[in-house]
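I'd like a close look at one spot in this model, explained plainly. Where should a newcomer's eyes go, and what sits around it?

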Amino acid sequence: MRKIVLLLVLVLSVTLASQAQNVRYGVKAGLNFSDLDADGDFSDTDTRIAPAVGFFAEIGLADDLKFQPEFLYSAQGGKQESARVDYLQLPLLLKYNLTKIINIQLGPQPGIKIHEFEDGYKNFEFAGLGGIGLDLNDNFTIEARYAFGLSDIIDAEAIDAKNRYLQVLVAFKL
C-alpha cells in the first residue's frame with residue numbers, strides 16, 4: 001500500500017512540475033467602453049470610457065488551449081456619475097489559439113464592487129466574457145473583449161440593470 005501511495009505522489013509531483021513549466025504571468029492595461037443594459041432611470045445612459053488594469057496567468061493545458069485566470073480593476077457603468085460603478089473582477093478564461101497569432105477567449109467573470117458614485121448598487125456582479133487576441137510576439141498581445149452582464153446590479157426591484165462593455169487591452173507577458 002505504501003508503494004502505491006508513494007508512486008501516486010511521485011506521478012502527481014512530476015505532473016505538477018511539468019505543468020508549472022507551462023505557466024506564464026503578465027500585466028495588462030486598457031480601456032472599457034461601457035454602458036448599462038437597463039430600464040427606468042438608467043435606460044438612456046451614455047457610454048463611459050474608463051480604465052481597466054490588472055495581471056494574469058496563462059497556464060498551458062494542451063498545445064493550443066490555455067487557462068487564463070486574471071485579476072482586474074475595471075471601471076464600468078454609464079457616463080453619468082449616478083450610473084458609474086467600479087469593480088475588482090476575476091475573469092476565468094479558456095484561451096484557444098486558432099493560429100500562431102490569433103486566439104479566442106471565453107469564460108465567466110465574477111466581480112465585486114469596490115466603488116460606487118451613488119448608493120443603490122449590489123456588491124457582486126456576474127458576467128460572461130468573449131474575446132479575440134492578437135499575439136504580436138512572444139510577449140505582447142492586443143485583446144478585444146465583450147462582456148455581457150448576467151446579473152442585475154441595482155438594489156431597487158423596480159429597475160433591472162446589467163453591465164455591458166467592450167474592453168480593449170494590451171498585455172505584456174513577463
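Q: Leaving aside its neighbours within four places in sequence, which residues is I49 in contact with?

A: Three of them: setting aside neighbours within four places in sequence, I49 is in contact with L31, N32 and F33. Contact here means heavy atoms within 4.5 Å.

Before going on, a word about what you're looking at. This is a predicted model, so local features need pLDDT of at least 70 and side-chain atom pairs count only at pLDDT 80 or more, while totals for chains, interfaces and linings use all residues. Residues are numbered from 1 along each chain as its sequence is written, and side-chain values use heavy atoms, with hydrogens and water left out.

Now back to I49. You'll find I49 in strand β2; strands (E, at least two residues) and helices (H or I, at least four) are DSSP runs, numbered from the N terminus. With a relative accessibility of 56%, I49 counts as exposed. The cut-offs: under 20% relative accessible area is buried, over 50% is exposed, and in between is partly exposed (1.4 Å probe, protein chains only). I49 also has a partner from far along the chain: L166 is 117 residues away in sequence, yet the two C-alpha atoms are separated by 9.7 Å.

Let's step over to G30, which is found in strand β1 (residues 23-38). Not counting residues up to four places away in sequence, G30 touches A50, P51 and A52, plus V168 and L169. G30 has a relative accessible area of 21%, so this glycine is partly exposed. And here's another long jump: G30 and A144 are 114 residues apart along the chain, with 9.7 Å between their C-alpha atoms.

Jumps like these fit into a wider picture. The protein has one helix and nine strands, and from the N terminus on, the elements run α-β-β-β-β-β-β-β-β-β. If you take the contacts between residues at least 6 apart in sequence, 57% join residues at least 24 apart. Of the 174 residues, 38% count as buried.

For a buried example, try V85 in strand β4 (residues 84-89). V85 has a relative accessible area of 0%, so V85 is buried. Apart from residues up to four places away in sequence, V85 touches R48, S74, A75, Q76, G77, K113, H115, E116, Y121, I153 and N163. Take N163 from that list: V85 and N163 are 78 residues apart in sequence and 9.6 Å apart in space, C-alpha to C-alpha. A second buried residue is I154, with a relative accessible area of 4%, and I154 is found in the loop between β8 and β9. Its C-alpha atom and that of N123, 31 residues away along the chain, are separated by 9.3 Å.

Back in β2, there's some ring business to see. Rings of Phe, Tyr and Trp (its six-membered ring) pair if their centres lie within 6.5 Å; planes under 30 degrees apart count as stacked, over 60 as edge-to-face and the rest as tilted. By this rule there are two aromatic pairs. One is F55 with F71, a tilted pair at 5.6 Å centre to centre and 40° between the planes. F55 belongs to strand β2 (residues 48-60) and F71 to strand β3 (residues 65-77), so this pair links distant parts of the chain, 16 residues apart. F55 counts as partly exposed at 47% relative accessibility, and F71 is partly exposed too, with a relative accessible area of 37%.

The other pair is F140 and F172, whose ring centres are 5.0 Å apart with planes at 50°, so this one is tilted. F140 lies in strand β8 (residues 140-149) and F172 in strand β9 (residues 161-173), so the pair ties together parts 32 residues apart in sequence. F140 is partly exposed at 38%, and F172 counts as partly exposed at 30%.

Rings also meet charges. A charge sits over a ring if NZ of Lys or CZ of Arg is within 6 Å of the ring centre and within 35 degrees of the ring normal. The charged end of K28 sits over the ring of F56, 4.8 Å from its centre. Likewise, R84 lies over the face of F117, 5.5 Å from the ring centre.
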